Amino acid sequence: MFSVSRLRARHASPLQHAAHTHASLIAFLSILAGVLVAATMGCQTVSKPVAASSSPPVPTAIGPIPGPPVNLPGRANPLVGDPVALQDGRRLFDWYNCSGCHGGHAGGGMGPSLRDKVWLYGHKDDQIFDSIAAGRSKGMPSWGTKIPEHQIWELVAYIKSMGTTQEPDPPVEPADEMVPDPTGKTPSPEEVQ
Amino acid sequence: MDGKQKLMATAARAGILLMACVIGVALSAPPEKGSTNDIPGELPGIHMVSPAAAGQWTMPAGDYGNTRFSPLNQINAQNVKNLHVVSTMSTGIPHGHEGQPLVVNDTMYVVTPFPNNLIALDLTKAGFPQKWIFHPNPNIAAVGVACCDVVNRGASYADGKIIYNTLDDHTVAVDAKTGKLVWETAVGDIKFGETTTMAAVVVKNVVLVGDSGAELGVRGRVTALDVNTGKILWRAFNSGSDADARIGPDFKPFYAKDRGKDLGLTTWNPGQWKLGGGTVWGWISYDPELNLIYYGTGNPGVWNPDMRPGDNKWSITIWARNPETGYAKWAFQVVPHDSWDYDEIMENVLVDMPWQGKTRKLLIHPGRTGFVFVLDRETGEVLSADKFEPVNWAKGFNLKTGLPDIDPEKRSHTGHYAMHVCPSSTGGKEFVPSSFSPRTGYLYIPAHNTCMDYMGTSVNYIAGTPYLGATVRMYPGPGGYQGELMAWDVANKKKVWSIKDADLPVYSGVLTTGGDVVFYGTMEGWFRAVDAHSGKILWEFKISSGIVGNPTTFLGPDGKQYVAIYSGVGGWMGATALPSVSTDDPYAALGTVGAMKQIKAKTQPGDTLYVFGL
């Protein structure tokens, strides 16, 4: 620690050394305690003893901070409720081959279902955004450098609409005569040799 | 008992002992006659590629001929009802357990689904305890590019090594005694969507490895490695120039349609062959006498046929090649310009048998297309092609031209649904292998009956993501059943009997034995023994999860016959049973969910090896 070495005398007797060591230890412990207190109170107080010394400042923490939960500002989807975004998101879901992995209507396959209640990495807008932008370890590619931010939000909007009345149809759903038999009726044995 | 009786009894005992010894010898080292061997009780004129599976199971199909027939007969139609569980072992990985364990000397070897651990079990001790486990530690990102669950179809034993493939495209050779890695070779790259799920086959000093990923725009191929070092010896692609496809002066296809220069280039729109699919994810057969390997190739990439005008060679093709040089002897493209995802990577069963009055060297191929093809394996001539499940994409096959008679109504196009196409992409059967018994002349086929609506869509190629280009929805086919195990009389080209499954396809491999017992499993988890002649269910036992693996049989160190099977539902059609797939999207799991809705109500994922004995 920076402050401990400065308290130590260069040519000290064993006794002095012991005393100095003792003093150093107390100083060290008190600083440590201060840091711990500071850490539990928030980042700002940590910088104070640093500012008093000539040492470089302690960087501000990134990511989770030990201690009680802190309400970080979440990123909400700016396109929530935008019907155009839903349609675009549906189109992009095919365009970027999401449907190839997650299924034609996102029911899963190579990648997990996005229709069910299970979210491996969180169901909040910003968590889904991060899953798309940064990728996930089991093979979800990171799309952050390939898909513009606006389009990622459109995909998030579409994903969150699944199973709701807002969920759009696929863009290539065919005209009437080509709609798959909605009853799932199979051909009669006469039709098939 | 007087002296004479005693003498006779002793003589009889000696005779039994002698017979037992002969059988024992026959099982450990089957007599060879050319490339074929004599199986006790085989029908007149039928010969198998040697060696037969006998007491061990050292390669994926048990034998090079891919018959999955074992002459073992301790377990037979009379006593199979006494079969009971001898040992179980969990692999700890609740995904599709395709493939089968190996048995070499006193050890059983199990390759797990991803992360593809290799587990050795000691057959000399009660309960078959674990000897060692080998972890290849494949890249977890491979999970995201595996099309159809994270399966593995097994290993081969050769030269003191267990050789198999990992999902992230590495072939590994592991010392069979110590469990230590001997060599490891990269044969592909997950960055481009390539995975490897098939079971490597070793012929002489050549390890033959295929690939997977025709749904991600990969280029299908077989890679040959040196069994001693893992060094790549040759590579034969299923698209591109003749040089890439290892087509040389010895190439003599039977049909004119398969002749010509650089067909792997000229039967595609420019450049599309680079993303042309035609992967090799099934089984490889070998005929030692003709010194030819046989394998089929998968669907062309992309699934939308309009995006790749032409015949798209060499997708959906059966190849005959020299294993040492890799050069092709013949090729037969089963389906030109596929519009249904009819991969024909299924097993090629090699048998010599009387065919219309003359003994011929046959290659029997029950396919996804819904036809059983019988070829002359010396020339590639198609001798017969007969439907074994409901089929309407083609009316039949022209044996003169080698071409299917396609119904144009059943061909999909961009934005146009081909409706009620039978069979569905998953086929009249899938990769799950059939078995041939020389004692009955029947091929026992694990079959499906599903149909589909299929529409081509436009798609962008983005490396390492699906390159699908189709919207597919499957559903049960006509007739009120979805799967069946059938006995197919090869010589008479007809179904003899079948056991139907109303709700699920039959997605397990089949085993036949010298005891005239056929073993197979259902997706619900019933493991069954069936009379090979009558189709009567002789015994069944419900195991912990649906069966998508292949039964095997072997003689333990105690001289007793055992039967092994994996439980663990999964794979393409089984993926609907996994928690990551929803049943409210019929287009999910590449369109199979619509046909598999019932599976979640019938079985849950599992991960267990079962061994049965008398």
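In strand β13 of chain B, B:E184 is the bridge partner of B:V172. Strands here are DSSP runs of E at least two residues long, while helices are runs of H or I with at least four, both numbered from the N terminus. B:V172 falls within β12 (170–175) of chain B, a strand that runs antiparallel to β13(B) and is joined to it by five bridges. Two strands count as paired once DSSP finds at least two bridges between them. This is a predicted model, where local features need pLDDT of at least 70 and side-chain atom pairs count only at pLDDT 80 or more, though totals for chains, interfaces and linings use all residues. Residues are numbered from 1 along each chain as its sequence is written, with chains lettered from A in the order in which they are written.

Zooming out a little, β12 and β13 belong to an open, antiparallel sheet of four strands in chain B, ordered β10-β11-β12-β13. Its edges are β10 (156–158) and β13 (181–186), each pairing on one side only.

Chain B as a whole comes to five helices and 41 strands. Its C-alpha trace spans about 90 × 50 × 50 Å along the principal axes. Some 64% of its 614 residues count as buried, meaning that 20 or more other C-beta atoms, placed from the backbone, lie within 10 Å of a residue's own (12 or fewer makes it exposed, and in between is partly exposed).

Then there is the contact between the chains, with 47 residues from chain B and 36 residues from chain A; contact means C-beta atoms, placed from the backbone, within 7 Å. On chain B's side, β32(B) gives the most, with four residues.

Terms used:
Two residues are in contact if their C-beta atoms, placed from the backbone, lie within 7 Å.
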